[in-house]
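Reader: I'm new to this one and would like a close look at a single part. Could you walk me through it slowly?
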Amino acid sequence: MRIRILFILLCSTLLLSSCGYNSIQKNEESVFSAWGDVEATYQRRADLIPNLVSTVKAYAAHEKETLTDVVNARAKVGQTNISADKLGDAAAMQQFQQAQGQLSGALSRLLVVVERYPDLKASQNFRDLQHQLEGTENRINVARQRYNDAVRTFNTSIRTFPNNLTNNFLLHLERKEAFKADAGAATAPKVTF
């Protein structure tokens, strides 16, 4: 009789040690962690993209302003002509010199920009923004895939024997939902300038 009781206790211990209780808990925690990564990646996008777009807009506006000043000053110089008979007219000469001075000032600002930045940087900033957008979307995709992998592992662990018995009698955990794209996910997000 003692041998039978000892045998039953030994068998029970062996069965309980492989019941999957700990592995189910570990798999559920992996799901929670992976979901946190998805949320963090979405938050990164929400924080990063508007700031990048604002930076690119500001720099493009600075370059546009500098170039617009040069174009306007050049147009003004083209409109301000002094004929040979008005060379003695102080007001006409003043107007001509003022237009030339405005063009010189605009050109010097442009030259400072060009010296500091040999190629105008707005196009590079737009390329950098595109790279950041692409990288962010890739991070989101990777986080979603990792989450779905963790969900698959968890759902499999609570549905396979003997873990399903442990779950049904002790834990009562429900299957987790994998990430599914929204109905409008096929449409790319709009970035406006």
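Which residue follows H5, and is its phi positive or negative?

Author: Right after H5 comes His172, and its phi is positive, near 60 degrees. Before we go further: this is a predicted model, where local features need pLDDT of at least 70, side-chain atom pairs count only at pLDDT 80 or more, and totals for chains, interfaces and linings use all residues. Residues are numbered from 1 along each chain as its sequence is written, and side-chain values use heavy atoms, with hydrogens and water left out.

Let's put H5 in its setting. The protein has five helices and zero strands, so labelled from DSSP runs numbered from the N terminus (H or I, at least four residues, for helices; E, at least two, for strands). Written out in order, the elements go α-α-α-α-α. H5 itself covers residues 163–171. As for pLDDT, the predictor's confidence in each residue on a scale from 0 to 100, its mean is highest in H5, at 85, and lowest in helix H3 (residues 90–116), at 64. For the whole protein the mean is 74, with 62% of residues reaching 70 or more.

Now look at the inward side of H5. Its buried residues are Asn163, Thr166, Asn167 and Leu171; buried means under 20% relative accessible area, exposed means over 50%, and partly exposed is in between (1.4 Å probe, protein chains only). Seen down the helix axis, they fall within an arc of 95 degrees, so they line one face of H5. That arc is taken from the directions from the helix axis to the C-beta atoms. It helps to know that an α-helix has 3.6 residues a turn, so residues three or four places apart point the same way.

Take Asn167 as an example. It is buried, with a relative accessible area of 4%. Setting aside neighbours within four places in sequence, Asn167 is in contact (heavy atoms within 4.5 Å) with Ile24, Ile158, His172 and Leu173. So your His172 turns up again, as one of the partners of Asn167.

H5 also contributes to the surface. Tyr21, Phe161, Leu165, Phe169 and Leu170 make up a nonpolar patch there, with about 600 Å² of accessible area together. Patches take residues with over 30% relative accessible area and no salt bridge, joining like charges within 9 Å and nonpolar side chains (Val, Leu, Ile, Met, Phe, Trp, Tyr) within 5 Å; the areas come from the Shrake-Rupley method with a 1.4 Å probe, and for residues only the protein chains shown count as cover. H5 gives the most to this patch, with three residues. Leu165, which sits in H5, is partly exposed because its relative accessibility is 36%.

A little further along the chain, past H5, there's a salt bridge, meaning a side-chain nitrogen of Lys or Arg within 4 Å of a carboxyl oxygen of Asp or Glu. Glu28 pairs this way with Lys176, their closest N and O atoms being 3.0 Å apart. Glu28 lies in helix H2 (residues 21–79) and Lys176 in the segment after H5, so the pair ties together parts that are 148 residues apart in sequence. Glu28 counts as buried, at 10% relative accessibility.
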